[in-house]
Amino acid sequence: MLGAHFVEIFSSVQGEGPYVGLRQIFIRFAGCNWKCAFCDTPTNPRPEYFTMEKTPGQRDFIQVANPVKPERLSELIKQYYNLSHHHSISLTGGEPLIYHDYITRLVPALQGTRKGIYLETNGTLPEELASVINLCNMISMDIKLESATKEKTPWELHREFLKVASQRDVYVKIVVSNKTNSHELERAIEIIQSIDPNIELVFQPVTPKGGVLPPTNDSILRFQELALSAIKNVRVIPQTHLMMGQL
Ligand code: SF4
C-alpha cells in the first residue's frame, strides 16, 4: 500500500467547536481539495517531511520523511504518545478524506484512545466519507460560506455530506466573517434543519487572514438568533488554541 503525505503530528488540546479542551492526537494530512482565503495550513500536497512533537508542549520536533505507510505511522504515534491518555485522534488537514483508502488501513492500528476517531473535514466529499463512516466516532463538518472562503459554496455537496455524517455524532462548523450575509446563512440553516435540527451548529468568527475579517459582536449575535429559530443548539466559539498558544 502506498503511503500518505503529512504536515505535522502532535498531542494537544482541541481548540475548536464543542469538543474544545479535550486532549487529542492530531494527524494533519497534507493537501486539500478546497481553497479558503483564510486557510492557515501549508498548501503543498506533497511535502518532503512532516514534523512530529515528541513530548507534548516541549517543541522538541523531529522531521520524518514523507510518504509514510500506515503501519509506520501508527508505530511512531504509539512510540511517543500514550493513547489511553487521549480523548480521541483527530484526523485533520488539509482534507483528510482525500486519503480515505489510507484511513481504512490506519484506523484499526490506532485503537486505545477513550473515544476513538474524530474527523475534521471540509464537508465536500460525501462518497469518500461514506467509505470510512464506520471508522469515525465523531465528525466536525464545515459548511464553507463564500463570504469567508471567497470560493463558491458547494451547497448540494454539503447536503449530501451531512446526510451521511448524520449516522454519527456530527456537528457543523461555519466560519463567519464581516461579509457573511443572512441569505447564505439561511441556506446553511435549511440544510441542517432538513436533515436533523438536533445537529449542533457552531459559528466560528474567522481568525483574520488573507484580508478576511471577523464579524462585529452584534452581527454574530444576530447570526446565532437566526439559527436558533430553526436549530436547537447553536454556539459561538472562536479558535481557542490560538489564545492559549497551543499547537
Ligand atoms: S478546507 Fe481547510 S485546509 Fe482546505 S483550504 Fe479550507 S481551511 Fe484550508
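**Figure 1. Lysine 150 occupies the loop between helix H4 (146-149) and helix H5 (155-165).** Helices (H or I, at least four residues) and strands (E, at least two) are DSSP runs, numbered from the N terminus. The structure is a predicted model, in which local features require pLDDT of at least 70 and side-chain atom pairs count only at pLDDT 80 or more, while totals for chains, interfaces and linings use all residues. Residues are numbered from 1 along each chain as its sequence is written, and side-chain values use heavy atoms, with hydrogens and water left out. Lysine 150 is a residue other than glycine with a positive phi, near 70°. Its relative accessible area is 51%, and lysine 150 is therefore exposed; the classes are buried under 20% relative accessible area, exposed over 50%, and partly exposed in between (1.4 Å probe, protein chains only).

**Figure 2. Arginine 59, in the loop between E3 and E4, also has its backbone angle shown.** Arginine 59 is not a glycine, yet its phi is positive, about 60°. Most residues other than glycine have a negative phi, and most peptide bonds are trans. With a relative accessible area of 34%, arginine 59 is partly exposed.

**Figure 3. Two cis peptide bonds are shown, one between asparagine 66 and proline 67 and one from glycine 93 to glycine 94.** Omega is about -10° for the bond that joins asparagine 66 and proline 67. Proline 67 belongs to the loop between strand E4 (61-65) and helix H1 (70-80). For the bond from glycine 93 to glycine 94, omega is near 15°. Glycine 94 lies in the loop between strand E5 (88-92) and H2, and this residue is also one of those around the ligand.

**Figure 4. The ligand is drawn with its surrounding residues in the largest pocket.** The shell consists of Cys32, Trp34, Lys35, Cys36, Cys39, Gly94, Asn122 and Lys144, where a residue is near a molecule or strand if one of its heavy atoms lies within 4 Å of it. By class, the shell holds 4 nonpolar, 2 polar and 2 charged residues. Ala, Val, Leu, Ile, Met, Phe, Trp, Tyr, Cys and Pro count as nonpolar, Asp, Glu, Lys and Arg as charged, and the others, Gly among them, as polar. On a 1 Å grid over the protein atoms alone, a pocket is an open set of points where a 1.4 Å probe fits, with protein on both sides within 12 Å along at least five of seven lines; lining residues have an atom within 4 Å of a point. A molecule sits in a pocket if more than half of its atoms lie within 2 Å of its grid points.

**Figure 5. Cys32, Cys36 and Cys39 carry the UniProt annotation "binding site" (unreviewed entry).** The lining of the largest pocket includes Cys32, Cys36 and Cys39. UniProt positions are given in the numbering used here, feature names are shortened, and annotations may be inferred rather than shown by experiment. Cysteine 32 is placed in the loop between E2 and E3. At 39% relative accessibility, cysteine 32 is partly exposed, whereas cysteine 36, at 16%, is buried. The model has 0 disulfides, a disulfide being a pair of cysteine sulfur atoms within 2.5 Å.

**Figure 6. Phe38, Cys39, Asp40 and Gly94 are listed by UniProt under "binding site" (unreviewed entry).** These positions span 57 residues in sequence, but no two of their C-alpha atoms are more than 12.8 Å apart, so they gather at one spot. Phe38, Cys39, Asp40 and Gly94 are included in the lining of the largest pocket. Phenylalanine 38 lies in the loop between strand E2 (23-29) and strand E3 (49-53) and, with a relative accessible area of 15%, is buried. Thr41 is covered by a "binding site" annotation in UniProt (unreviewed entry). Threonine 41 is in the loop between E2 and E3 and is buried, at 14% relative accessibility.

**Figure 7. Alanine 109 and serine 74 are shown with their C-alpha separation of 6.1 Å.** In sequence, alanine 109 and serine 74 are 35 residues apart. Alanine 109 is located in the loop between helix H2 (100-106) and strand E6 (117-121), and its relative accessible area of 24% makes alanine 109 partly exposed.
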